[in-house]
Amino acid sequence: MGNKLKPVTTGARMDSRRQLLRFMLQSPLITSGASLASLWPAVGMARPELAVPDAVNRTLDVFQMKAAARKKLDMRAWHFIVNGADDGKTMTANRQVFDDWQIRVRRLIDISQVDQSVEVLGESLHSPIILAPIGSQQLIHETGEIGTARGAGRHLMICSTASSFSIEDIAAQATGPLWFQLYASKHRPFMKALLDNAEQAGCRTLVLTIDAPTIGNREAERWFRTAGNGKGPRLSMGNFDNYAGKKNIGDPSMTWEIVDWLRANTSMKIVLKGIVTREDARLCRRYGVDGIIVSNHGGRQEESNRATLDCLTEVIDGVDNEIEVLIDGGFRRGTDIFKALGLGARAVCIGRPQVWGLGAFGEKGVSRVLSLLRAELVRIMKFAGVTRVADIGGEYLQRGD
Ligand SMILES: Cc1cc2nc3c(=O)[nH]c(=O)nc-3n(C[C@H](O)[C@H](O)[C@H](O)COP(=O)(O)O)c2cc1C
């Protein structure tokens with residue numbers, strides 16, 4: 001008998017893998033973070049306190065950026081960002097759903113050139129990653145939306161009605177395309193002024209947020225905003241400052257009629273943010289909406305327990321290829337983005353990670369978040385053997401049991 005090597009039993013292989021992981025995790029060379037820390041239970045060790053990166057380029061993923069922001073922000077700013085409504089079940093569902101999907105990778109494909117560019121509502125974007133609208137960013141960092149616009153580089157940024165700085169001021173600093181997000185107001189002359197300002201600032205698309213007929217129950221946010229006494233300082237809102245007439249945010253009487261009104265009052269394309277059902281997707285067709293963002297406001301509004309990724313398929317079904325569909329909610333990894341693109345989303349918007357970056361390291365943090373996500377998306381595209389964003393289709397996905 002020749003001197004054959006014995007096959008390694010699974011048990012022996014697991015033991016040596018565990019030993020290696022234990023060794024790696026104990027090594028001072030490794031900067032631990034939320035993601036690395038998830039390995040500790042896998043090797044039977046208690047999870048340690050997370051080491052928080054102290055320099056922007058040491059952040060390895062958006063979870064570490066979150067940890068860095070936690071260290072810098074006061075309780076009011078922190079709870080403004082991280083809260084979900086009620087018990088946070090919808091916010092959690094947005095993340096958990098990604099585990100329901102597996103990626104089917106192909107082999108032996110030339111992936112030496114990967115193209116992340118994508119066409120969205122007639123605009124050529126260099127990446128399918130878009131910054132979702134987030135209001136009051138000066139609460140998070142003194143540079144507010146100006147810092148975010150600088151950090152966004154060439155990425156598309158959607159600017160909130162409730163931004164600390166006006167759309168004109170943000171546009172003056174931005175190097176990438178901007179869209180304007182509108183919260184409806186009972187005062188239509190004020191809405192008209194907002195639309196005109198956005199158009200003048202160069203926005204070609206308007207995003208009407210429709211998931212705020214009332215305000216979500218974000219208890220910790222309320223508590224820290226008012227220190228429990230029901231009062232809090234007024235936040236600056238740049239889009240309101242130069243308008244002398246009656247102005248406010250919120251119109252509980254808003255119906256589909258608003259789409260006709262917008263059409264008559266702006267030449268911007270119209271996107272509805274907050275569609276989550278097939279029925280409403282069909283109504284978008286009937287009212288001639290140009291685009292949809294499948295969104296539940298990051299689980300900050302209704303506690304529906306429905307993940308946006310679970311809503312995506314029925315919305316796409318409802319639009320019957322007539323309307324472009326984007327999505328947001330819980331996107332933290334390139335693989336998450338890949339899955340949504342595979343299920344038919346044209347692009348993906350990210351909310352909280354951009355303000356973790358802003359809160360932790362200002363504009364450099366925003367830029368780092370985007371480059372981390374871009375790199376992760378490129379990596380999974382290479383592994384899957386797909387070289388163009390437009391080619392990421394359902395054949396790369398499989399629903400797990
Ligand atoms: C702090 C904060 C402020 C937000 N402000 C707005 C806003 O002004 N307008 C809006 O349409 N959506 C707003 N959103 C919702 C985001 O645009 C987006 O839908 C959501 O954050 C996506 O989920 P994610 O944070 O899990 O990525 C806000 C979200 C957060 C976390």
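The paragraphs below lead through salt bridges, a loop, a helix pair and a surface patch in this structure, which is a predicted model.

A good place to begin is with charged side chains. Side chains of opposite charge can pair when their charged atoms come close. The structure holds 18 salt bridges, and three of them are followed here in turn. In one of these, R300 pairs with E221, and the closest N and O atoms are 3.5 Å apart. Because R300 lies in the loop between β9 (291-294) and α14 (308-319) while E221 belongs to helix α10, this pair ties together parts that are 79 residues apart in sequence. R300 and E221 are both buried. The pair also belongs to something wider, since salt bridges that share partners join R218, E221, R225 and R300 into one network.

Another salt bridge forms between R263 and D290, with 3.3 Å between the closest N and O atoms. Here too distant parts of the chain are linked, for R263 sits in helix α12 (residues 257-265) and D290 in the loop between α13 (278-286) and β9, 27 residues apart. R263 has a relative accessibility of 36% and therefore counts as partly exposed, and D290, at 25%, counts as partly exposed as well.

Helix α13 supplies a partner to a further pair, in which the side chains of R285 and E322 meet in a salt bridge at 3.5 Å, N to O. R285 is in helix α13 and E322 in the loop between α14 and β10 (324-328), so that this pair links distant parts of the chain, 37 residues apart. With a relative accessible area of 30%, R285 is partly exposed, whereas E322, at 54%, is exposed.

The loop between β9 and α14, which holds R300, deserves a second look for its backbone. Most residues other than glycine have a negative phi, and most peptide bonds are trans. H297, which is found in this loop, has instead a positive phi, near 65°, although H297 is a residue other than glycine. N305, found in the loop between β9 and α14 too, likewise has a positive phi of about 65° without being a glycine. As for their surroundings, H297 has 15% relative accessibility and so counts as buried, while N305 is partly exposed, with a relative accessible area of 45%.

Further along the chain, two helices can be considered together. Two packed helices are described by the angle between their axes and the distance between the axes. For helix α15 (residues 334-342) and helix α17 (residues 363-384), the angle is about 60° and the axes are 7 Å apart. That angle makes α15 oblique to α17, and the crossing in which α15 passes α17 is right-handed. In the loop between α17 and β12 (397-399) lies R388, which counts as partly exposed because its relative accessibility is 42%. R388 and V378 are 10 residues apart along the chain, and their C-alpha atoms are separated by 9.7 Å.

The last stop is on the surface, and it leads back to helix α10. What do M75, W223 and F224 form there? These residues make up a nonpolar patch, which together has about 290 Å² of accessible area. W223 is found in helix α10 (residues 219-226), the helix that also holds E221. With 53% relative accessibility, W223 counts as exposed, because the cut-off for that word is over 50%. In helix α10, then, the exposed W223 and the buried E221 can both be found.

Technical notes: Residues numbered from 1 in each chain as written. Predicted model: local features only at pLDDT ≥ 70, side-chain atom pairs only at ≥ 80, totals over all residues. Heavy atoms only, no water. Patch = residues over 30% accessible without salt bridge, like charges linked within 9 Å, V, L, I, M, F, W, Y side chains within 5 Å. Areas by Shrake-Rupley, 256 points an atom, 1.4 Å probe, with all protein chains shown as cover. Salt bridge = Lys/Arg side-chain N within 4 Å of Asp/Glu carboxyl O. Helix = DSSP H or I, 4+ residues; strand = E, 2+ residues; numbered from the N terminus. Buried < 20%, exposed > 50% of the residue type's maximum accessible area, 1.4 Å probe, protein only. Axes fitted to C-alpha atoms, helices over the stretch in contact; angles between N-to-C directions. Parallel < 35°, antiparallel > 145°, perpendicular 65-115°, else oblique. Left-handed = near helix turned anticlockwise from the far one by under 90°.
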